[in-house]
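Work through the following exercises with the sequence and the coordinates open. Each task is followed by a solution in steps.

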Amino acid sequence: MQKVADLHVHTNISDGTFSPEKVVEYARMQGLDGIAITDHDTCAAIAPAMALAGDMNIEIIPGVELTAELYDDEIHILGYFIDWQDELFTKKLEEFCRVREERAKEILRRLGEQGIDLKYEDLMEIAGPGPGSVGRLHIAQLLYRKGKVACIRDAFTKYIGADSPAYVKKFKLSPKEAVDMIKSVGGVAALAHPKTINTDNKSLKDIVCMLAAEGIQAIEVYHSDHNAGDSAEFKKIADKYGLLITGGSDCHGLGKKEVLLGKIKVPYELVEKLRLSVGRTEIG
Ligand code: AMP
Ligand code: ZN
Ligand code: FE
Ligand code: FE
């Protein structure tokens, strides 16, 4: 049978709700042969996931999801097959997480100005203890739990989405800085969920062309937010600029409407192409 992988998965070390172990167990249930753990700004879930996955014959592809700034908006860049234990890389990610904490406090302060008082301790309870990254999805969950919004989407539309009153930007990495950071630890850099990119008055093609010139090597053609038409369009763009193709569910456990893990299954052939591109030889 064709081996398959889901190359975009979050754990509760960032803003998913499943522990690394639960993610691995769920992956087995979904019949996946490999998953990429791609938490926002942290690699702390990779070791516990690998510890369990080895026995189950599931490959954990070490990954990360970084945020970069493009035309005053954000894009996400995934890194695969990174040397996730690299000391300098780890230090940088720890600093990003620290900045995230400051940002979360600022978002709560701005929500306070909107008449919504939320406690940082309550947010930390949702985000979880230990190493990891706190983000807007946690704040959305807190707003929902406290009955301040009708659903998670509402939290973004009314309060914390871009252009909303309590929106606060993160640190500012340029796309090239994000790509270079991934390459500095031997990884391959992929543009995440191109559908979410605010193209303004530019074409997505031109943006991808520019990002390819800055070193992006792959594009997430398959994603749970893409319909067949979207994926066909992104596949064409990938072919035009000679980019590798990736795909993943972007599962956040129960953090989104449904558990998405395994909803996107890409053939292992794509995984091997990514692996080859970074000069790794083992066949997963
Ligand atoms: P942050 O990295 O803290 O800015 O948070 C980004 C997270 O918020 C990502 O996991 C997104 O999936 C999630 N997110 C962003 N916009 C929305 C939205 N409109 N509805 C639901 N989740 C969103
Ligand atoms: Zn997320
Ligand atoms: Fe993302
Ligand atoms: Fe993601």
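The exercises below treat the metal sites, the nonpolar cores, one helix and the cavity.

This is a predicted model, in which local features need pLDDT of at least 70 and side-chain atom pairs count only at pLDDT 80 or more, while totals for chains, interfaces and linings use all residues. Residues are numbered from 1 along each chain as its sequence is written, chains are lettered from A and ligands numbered from 1 in the order in which they are written, and side-chain values use heavy atoms, with hydrogens and water left out.

**Exercise 1. The zinc site**

Task: Determine which residues coordinate the zinc ion (ligand 2) and how the donors are spaced along the chain.

Solution.
1. Take as donors the N, O and S atoms within 2.8 Å of the metal (3.2 Å for Na, K and Ca); water is not among the atoms, so sites may look incomplete.
2. For the zinc ion (ligand 2), the search returns D15 through OD, listed twice, and the NE2 atoms of H40 and H252, at 2.0 to 2.6 Å.
3. Along the chain these donors follow the pattern D-x24-H-x211-H.
4. Locate the two histidines, with helices (H or I, at least four residues) and strands (E, at least two) taken as DSSP runs numbered from the N terminus. H40 is in the loop between strand 2 (34–37) and helix 2 (46–56), and H252 is in the loop between strand 7 (244–248) and strand 8 (266–267), so the pair ties together parts that are 212 residues apart in sequence.
5. Classify them by relative accessible area: buried is under 20%, exposed over 50%, partly exposed in between (1.4 Å probe, protein chains only). H40 is buried at 9%, and H252 is buried at 3%.

**Exercise 2. The iron site**

Task: Find which residues coordinate the iron ion (ligand 3), and how far this ion is from the zinc ion (ligand 2).

Solution.
1. The donors of the iron ion (ligand 3) are E65 (OE), H76 (ND1) and H193 (NE2), at 2.1 to 2.2 Å.
2. Their sequence spacing is E-x10-H-x116-H.
3. E65 belongs to strand 3, whereas H193 sits in the loop between strand 5 (188–191) and helix 8 (204–213); the pair therefore ties together parts that are 128 residues apart in sequence.
4. E65 is buried, with a relative accessible area of 1%, and H193 is buried as well, at 8%.
5. The iron ion (ligand 3) and the zinc ion (ligand 2) are 5.7 Å apart.

**Exercise 3. The nonpolar cores**

Task: Identify which residues of the largest nonpolar core touch the most other members, and list the contacts of I35.

Solution.
1. Build each core from buried Ala, Val, Leu, Ile, Met, Phe, Trp, Tyr and Cys residues joined through side-chain atoms within 4.5 Å.
2. The largest core has 74 residues, and L7, I35, I77, Y80 and L261 touch the most other members. Strand 3 gives the largest share of this core, 6 residues.
3. A second, separate core has 21 residues, including Y120, V134, L142 and I160.
4. Place I35 in strand 2; its relative accessible area is 0%, so I35 counts as buried.
5. Count a contact where heavy atoms lie within 4.5 Å. Not counting residues up to four places away in sequence, I35 touches D6, V9, V23, A27, E59, I60, I61 and L261.
6. With neighbours within four places in sequence left aside, the contacts of L7 include A36, I61, Y80 and V266.

**Exercise 4. Helix 5**

Task: Decide whether helix 5 (residues 136–145) is largely enclosed or largely open, and name what its buried residues pack against.

Solution.
1. In helix 5, 8 of the 10 residues are buried, so the helix is largely enclosed by the rest of the structure.
2. The buried residues are R136, L137, H138, I139, A140, Q141, L142 and L143.
3. They pack against strand 4, helix 3 (87–113), helix 4 (120–127) and helix 6 (152–160).
4. Just after helix 5, G147 has a positive phi of about 75°.

**Exercise 5. The cavity**

Task: Find how many cavities of 30 Å³ or more there are, and describe the lining of the largest cavity by class.

Solution.
1. On a 1 Å grid over the protein atoms alone, a cavity is a set of points where a 1.4 Å probe fits but cannot get out; lining residues have an atom within 4 Å of a point. Points are joined across faces, edges and corners, and the volume is the space filled by probe spheres set on them.
2. The count is 1 cavity of 30 Å³ or more, and the largest cavity has a volume of about 90 Å³.
3. Its lining includes T67, E69, D72, Y167, K170 and L173.
4. Strand 3 (59–70) and strand 4 (73–80) are the elements that give two or more residues to this lining.
5. Sort by class: Ala, Val, Leu, Ile, Met, Phe, Trp, Tyr, Cys and Pro are nonpolar, Asp, Glu, Lys and Arg charged, and the others, Gly among them, polar. The lining has 4 nonpolar, 1 polar and 7 charged residues.

Conventions. On a 1 Å grid over the protein atoms alone, a cavity is a set of points where a 1.4 Å probe fits but cannot get out, and a pocket is an open set with protein on both sides within 12 Å along at least five of seven lines; lining residues have an atom within 4 Å of a point.
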